[in-house]
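Me: I would like to walk through this structure step by step. Please start with the sheet, then turn to the ligand.

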Amino acid sequence: MSVSEVNLIVPPSPYDKEEPLLELKGISKQFGSNQVLDNVDLTVMPGEAVALIGPSGTGKSTILRIVAGLLAPDSGDIFVTGQQRQGLIEDAKDPINIGMVFQQAALFDSLTVQENVGFSLYQNSSLPDAEIRELTKEALAMVGLPNICDRYPAELSGGMRKRVSFARAVIANPQENTPKPTLLLYDEPTAGLDPIASTVIEDLIRNIHSNRGCSTYLIVTHQDSTIRRTADRVVMLHKGSIQWMGPVSEIDTTPNPYVRQFFNAATDGPIRVAN
Ligand SMILES: Nc1ncnc2c1ncn2[C@@H]1O[C@H](COP(=O)(O)OP(=O)(O)OP(=O)(O)O)[C@@H](O)[C@H]1O
């Protein structure tokens, strides 16, 4: 079965399309004396596919971890479907599902693929084992890996592990009364993959995106093909501040010097490379 033949596992969003799904207002974060984010404002509308780009160490993953509720900003406000976030994800649940796909697939080595994908349902639902198994099978079929339930992460290639982590991020609990929209956060999903494996992942991201329930995502990537093939809008970060944002169709035409330098891979320009 191909990825495109598989049905949605997350129901459609009941939310008003006009309300931002996510708003970051004046977000700052410092680690010791290192000012990593400096007054970042970012709005993501339902259905948007946004790529966060910029040189290494510029705060992209830090933004994802703040959006996921894993890290608290020093200052600034976070609104999720208009509701102000209080504390971290462990303190209060968000009104939407926020799933994060980490750079290193972050699977538990001692658990099977099936147990990894169903992990949140085993932890947070009272569903019987057989139903969780069925849901994990569907999620694995969605990422094009229908027959690997009983394998262990160590037995998979890097690309397969990433696809398993996608399945884990999109699995939904059918016991939740109100269907919630999902915001997916991808941290360098194609890093370290060969060009063909990258294309598989990019297609998968787009495919999950076209399913309405998981239609919004923020993706951090350095890869030119991943930016062009997965994003509608691009946000360029440099030293913790947004330097440019615009549609992906403008990355080759904007005169913005940061964008020009980044896509030309030039050493000359406002982005200074640490030696
Ligand atoms: N928990 C932490 N403690 C101290 N410093 C941190 C911590 N997390 C991140 N940093 C620092 O914050 C800066 C930004 O890191 P971040 O991972 O957000 O950058 P990035 O833009 O995602 O980089 P890359 O493209 O290389 O992944 C780096 O200098 C990093 O060393």
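**The sheet and the ligand shell**

Reply: This is a predicted model. Four strands make up an open sheet, and their pairing is antiparallel. Their order is β2-β1-β4-β5.

Me: Which strands stand at the edges, each with a single partner strand?

Reply: An edge strand pairs on one side, so its other side is left without a neighbour in the sheet. Two strands fit this, one covering residues 34-44 and the other 83-84. They are β2 and β5.

Me: How many bridges join β1 to β2?

Reply: Strand β1 covers residues 22-31 and runs antiparallel to β2. Leu22 of β1 has its bridge partner in β2, Val44. Gln30 stands opposite Gln35 in β2. The number of bridges joining the two strands is seven.

Me: Which residue takes a positive phi in the hairpin of β1 and β2?

Reply: Two residues lie between the strands of this hairpin. The positive phi is near 60°. The residue is Gly32.

Me: Which element gives the most residues to the shell around the ligand?

Reply: The residues surrounding the ligand include Phe31, Asn34, Val36, Lys60, Ser61 and Thr62. Two elements, β2 and α1 (60-67), give two or more residues to this shell. One gives three, the most: α1.

Me: How many residues of the shell around the ligand are polar?

Reply: Among the residues around the ligand are Gly54, Ser56, Gly57, Thr58 and Gly59. Glycine counts as polar here. The shell has two nonpolar residues and one charged residue. The polar ones number eight.

Definitions and conventions
Residues are numbered from 1 along each chain as its sequence is written. This is a predicted model: local features need pLDDT of at least 70, side-chain atom pairs count only at pLDDT 80 or more; totals for chains, interfaces and linings use all residues. Two strands pair if DSSP finds at least two bridges between them. A residue is near a molecule or strand if its C-beta atom, placed from the backbone, lies within 6 Å of it.
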